[in-house]
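Got your viewer open and a selection box ready? Here is a walk through one chain, stop by stop.

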Amino acid sequence: MPETHLHPDVDHVLLDAQQIADKLHELGQQIAADYADEPPILVGVLKGAVMVMADLSREIDLATEMDWMAVSSYGSGTKSSGVVRILKDLGADISDRHVLIVEDIIDSGLTLKWLLSNLRSRGPKSVEVCTLLRKPDAARVEIDVRYVGFDIPNEFVIGYGLDYAERYRNLPYVGVLKPSVYGG
C-alpha cells in the first residue's frame, strides 16, 4: 500500500485489505466444510469483530445465524484491565447448538477465556473460536483456537475493526499504530 494512503497515525501496514479478504475466504470455506451437517450460530464480539463477522459470514456457504455479545476488559488504553463485564448479552438461546465465537484479535486471552467459560455454561453442543488475529507473544493463558487467520507480533494494531480510544476501526487494513499516539 503506498505511503500516501496511510493514515498519518499508522506506522506501517501489517495486513492489507486483499490479504484479509483472502484469509477470510479460506476460513469461510473451512468453516462451511466443518459444519456442513449442522451450521453454527456465529457469535460476534462487539465492537471489534463487526468487520470480521460481516466479511467472514459472507464467505460461509451455509445458512448460519448471527448474534452479538459485547464484553469489556479494556478502558481507553492499550492494556487489559483484567475485569470482564457483559455490556450486551446474546439474544438467542445457544443450548444444544454449535457456537462459533468470531473475534477480531486475541491478545492476552483473558477475556476470551472468560467468555468461553460463560458460553459453555449455557449448554451448547460445542463452542469454538475463529479469530482474524492472534498475538502468541502476548498470551497470558492458553486458549484452543480452532480457526486463526494470522499470528502477528505483539504490536499495537488498529484498523479493520480494531481501535484505539474508539478511533481507526474504519481503516481497510490492519496497521501498527505509532507509539507516539498512545504514549508507548
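We begin with the whole chain and then pick out its elements one at a time.

**Whole chain.** Bear in mind that this is a predicted model. Switch to cartoon and you should find 4 helices and 9 strands, arranged along the sequence as β-α-β-α-β-β-β-α-β-β-β-β-α. The radius of gyration is 16 Å, close to the 16 Å that the globule rule gives for 184 residues, so the chain is as compact as a globular protein of that length. Along the principal axes, the C-alpha trace spans about 50 × 35 × 25 Å. Turn on a surface and you are looking at about 9100 Å² of accessible area, with 47% of it belonging to carbon and sulfur atoms. As for burial, 47% of the 184 residues count as buried. Of the contacts between residues at least 6 apart in sequence, 65% join residues at least 24 apart.

**Select 41-46.** This is strand 2, and 5 of its 6 residues are buried, so the strand is largely enclosed by the rest of the structure. Now add 98-106, which is strand 5: the two run parallel and are joined by 4 bridges. To see where they face each other, label glycine 44 and look across to valine 102 in strand 5.

**Select 50-59.** Here is helix 2; show side chains for Val52, Met53, Leu56 and Ser57, its buried residues. They cover an arc of only 115° around the axis, which puts them on the same side of helix 2. The spacing has a familiar logic: an α-helix has 3.6 residues a turn, so residues three or four places apart point the same way.

**Select 110-120.** Helix 3 repeats the exercise, with Thr111, Leu112, Leu115, Leu116, Asn118 and Leu119 as its buried residues. Look down the axis of helix 3: these residues fall within an arc of 165°, so they line one face of the helix.

**The largest nonpolar core.** Which residues touch the most other members of this 26-residue core? Show Leu24, Ile31, Leu56, Leu132, Leu133, Val157 and Val174 as spheres, and you have them. At least two core residues come from each of helix 1 (17-34), helix 2, strand 5, strand 6 (126-134), strand 7 (147-151) and strand 9. Helix 1 gives the most, with 5 residues. A second, separate core has 20 residues, among them Val45, Met69, Val71 and Val141.

Back in the largest core, centre on leucine 132. Beyond its neighbours within four places in sequence, leucine 132 is in contact with Ile20, Leu24, Val52, Glu103, Asp104, Gly149, Phe150 and Tyr160.

**Select 10-15, 157-158 and 174-177.** These three strands form an open antiparallel sheet in the order 1-9-8. Strand 1 (10-15) and strand 8 (157-158) are the edges, each pairing on one side only. Between strand 8 and strand 9 (174-177) there are 2 bridges, and one pair to label is valine 157 with its bridge partner valine 176.

**Last stop: leucine 62.** Find it in the loop between helix 2 and strand 3 (65-74). Is leucine 62 buried or partly exposed? At 22% relative accessibility it counts as partly exposed, because buried means under 20%. Leaving out residues up to four places away in sequence, leucine 62 touches Ile31, Ala32, Tyr35, Ala36 and Pro39. Finally, draw a distance from the C-alpha of leucine 62 to that of leucine 6: 56 residues apart along the chain, they are separated by 36 Å.

Methods:
Residues are numbered from 1 along each chain as its sequence is written. This is a predicted model: local features need pLDDT of at least 70, side-chain atom pairs count only at pLDDT 80 or more; totals for chains, interfaces and linings use all residues. Side-chain values use heavy atoms; hydrogens and water are left out. Buried means under 20% relative accessible area, exposed over 50%, partly exposed in between (1.4 Å probe, protein chains only). Two strands pair if DSSP finds at least two bridges between them. The arc is that of the directions from the helix axis to the C-beta atoms. The radius of gyration is taken over C-alpha atoms; the globule rule is 2.2 Å times the number of residues to the power 0.38. Contact means heavy atoms within 4.5 Å. Accessible areas come from the Shrake-Rupley method with a 1.4 Å probe; for residues, only the protein chains shown count as cover. A nonpolar core is a set of buried Ala, Val, Leu, Ile, Met, Phe, Trp, Tyr and Cys residues joined through side-chain atoms within 4.5 Å.
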